[in-house]
Amino acid sequence: MIKGIKVMLKPNNKQKIKLFQSAGVSRFAYNWTLSRQQENYKNDGKFISDSELRKEFTKLKQTEEYKWLNNYSNNITKQAIKDACDAYLKFFKGLSKFPKFKSRKRSAPKFYVDTEKIQFNKTHVKLEKLTTSGKRNKQKLNWLGLCERGRIPYGEKIKYINPRVSFDGLNWWISVGIEYEDTKEIPTNEGIGIDLGIEKLAICSNVEKPYNNINKTKKVKKLEKRKKRLQRKVSRKYEKGREGNCYKKTNNIIKLEKKLKFLNQRLTNIRHNYSHQVTSEIIKRKPSFIVVEDLNVSGMMKNRHLSKAIQQQRFYEFFRQLQYKSEWNNIKLIVADRFFPSSKRCSECGNINKDLKLKDRIYRCSCGLKIDRDKNASLNLKNYGQLVINQ
């Protein structure tokens, strides 16, 4: 199996400039490829393969106008051309929308690093051609510090898959795939049904205590309040400097927006970390199977009273983490049908209560069962998984 690892980088000011320039080179090659493909299509030409375009791009670099491209790694442009061609083909196969040109302002800066040229040690990573100087003191610029010591394994036998360097608006990151041996152990413990909600994040069938909503904690509420105040402050600054329909971005606005970015990232990291903690705790119980609902999140988001709370719960991210962690540990992940009545069905007798409303938090059945609505749903999901396994 292939595991992806992402670690934050600690570049100095000179390295930051070079990283942004490398990302710019990748963007240039991607946009150049798209424009060539579009031009070719308008002239009724056949699809140009990435190998042909790379040969053409090599000739372009030999011209005086584009000679500056030789100061950067050849592998950055190679992969950018390949990515653009793949995106173009996916559109014609009906797998994605038509690829857009990358913008300097709106697109996230990122670029590919060659697997053979990249080197790791406990504290640093070496990237190809960050500096073109042959002097030893200048060659140090090729080594970037890692924020987590020893997180990425290193050695001669380790092969790295698809290394990418990206910028999230505040920090630079490196992500890399590493192949590990598949786990042969097959869990045999009792299966788990998980009911996701807004009041509580997750209610498991085998645990009495539910996983609480992280957005209701004092820490997150305090940060959300600070975020609101900052947003209002920025908005007022824009209105003060307004000239007709034009807005001026002053240095004070830039400072406030940077603070807002830090705050947004902190909130995102808190929620992301909590999802990891919950999913890891569920996986550590080693159940034979896990059942989750196929939630219609896009439909739920149309409710203007609940849309913000649903968005903050990050249901898709929770499901994504559960999916790959289950795969790593040989646990079968079952997605229950969207129309399966997990909340309305009695977990004891199977009777369906059609009159159950969203405000009813306690499920009462004619058979005498009185149970929390979400707990009842998790038990029904577990029973659903048991039926699927036994088939």
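# Briefing on a predicted protein model

The mean pLDDT of the protein is 91, and 100% of its residues reach 70 or more. The structure is a predicted model. The protein contains 10 helices and 14 strands, and buried residues make up 38% of its 391 residues. The points below treat the overall dimensions, the two sheets, the nonpolar cores and two loop residues.

**Overall features**

- The C-alpha trace of the protein spans about 85 × 60 × 50 Å along its principal axes.
- The protein exposes about 24800 Å², of which carbon and sulfur atoms supply 49%.
- Among contacts in the protein with a separation of 6 or more, 69% are between residues 24 or more positions apart.
- Confidence varies among the elements: helix H4 (residues 136-139) has the lowest mean pLDDT, at 75, while strand E2 (residues 110-112) has the highest, at 96.

**The seven-stranded sheet**

- Seven strands form an open sheet with antiparallel pairing, in the order E2-E6-E7-E1-E5-E4-E3.
- At the edges of this sheet are E2 and strand E3 (119-120), each of which pairs on one side only.
- Within the sheet, E6 and E7 pair in the antiparallel sense over six bridges.
- Tyr-160 stands opposite Ile-178, a residue of E7.
- Helix H1 lies across E1, E2, E5, E6 and E7, and runs at about 75° to E2.

**The nonpolar cores**

- The largest nonpolar core has 40 residues, and those with the most contacts inside it are Phe-120, Val-125, Leu-127, Ile-152, Val-165 and Ile-174.
- Several elements give two or more residues to this core: the helices are H1 (13-42), H2 (50-61) and H3 (74-92), and the strands are E1 (2-10), E5 (143-146), E6 (160-167) and E7 (172-179).
- Apart from this core lies another, of 31 residues, among them Tyr-238, Leu-256, Leu-267 and Ile-290.
- Which residues does Ile-152 touch, leaving aside its neighbours within four places in sequence? Ile-152 is in contact with Ile-5, Val-7, Phe-120, Tyr-160, Ile-174, Val-176 and Ile-178.
- Two of these partners, Tyr-160 and Ile-178, are also the residues that stand opposite each other in the seven-stranded sheet.

**The five-stranded sheet**

- Five strands form a second open sheet, in the order E10-E9-E8-E11-E12, with mixed pairing.
- Its edge strands are E10 (211-212) and E12 (332-336), and each of them pairs on one side only.
- Strand E11 (residues 289-293) and E12 pair in the parallel sense over five bridges; the bridge partner of Val-292 in E12 is Val-335.
- Helix H9 (residues 315-328) lies across strand E8 (192-196), strand E9 (200-204), E11 and E12, and runs at about 145° to E12.

**Strand E8 within that sheet**

- Is E8 mostly covered or mostly uncovered? E8 is mostly covered, since five of its five residues are buried.
- Both faces of E8 are covered: Ile-192, Ile-194 and Leu-196 are buried on one side, and Gly-193 and Asp-195 are buried on the other.
- E8 and E11 run parallel and are joined by three bridges; in E11, the bridge partner of Ile-192 is Ile-290.
- Ile-290 is also among the residues of the 31-residue core.
- E8 and E9 run antiparallel and are likewise joined by three bridges; in E9, the bridge partner of Asp-195 is Ile-203.
- E8 and E9 form a hairpin, with three residues between them.

**Two loop residues with positive phi**

- Arg-314 lies in the loop between helix H8 (307-313) and H9.
- Phi of Arg-314 is near 55°, a positive value in a residue other than glycine.
- Why is Arg-314 classed as partly exposed? Its relative accessible area is 21%, and because the partly exposed class lies between 20% and 50%, Arg-314 belongs to that class.
- Asn-330 lies in the loop between H9 and E12.
- Asn-330 has a positive phi of about 55°, although it is not a glycine.
- Asn-330 has a relative accessible area of 32%, and it is therefore partly exposed.

Methods. Residues numbered from 1 in each chain as written. Predicted model: local features only at pLDDT ≥ 70, side-chain atom pairs only at ≥ 80, totals over all residues. Heavy atoms only, no water. Core = buried A, V, L, I, M, F, W, Y, C linked by side-chain atoms within 4.5 Å. Buried < 20%, exposed > 50% of the residue type's maximum accessible area, 1.4 Å probe, protein only. Helix = DSSP H or I, 4+ residues; strand = E, 2+ residues; numbered from the N terminus. Contact = heavy atoms within 4.5 Å. Pairing = 2+ DSSP bridges. Axes fitted to C-alpha atoms, helices over the stretch in contact; angles between N-to-C directions. pLDDT = per-residue confidence, 0-100. Areas by Shrake-Rupley, 256 points an atom, 1.4 Å probe, with all protein chains shown as cover.
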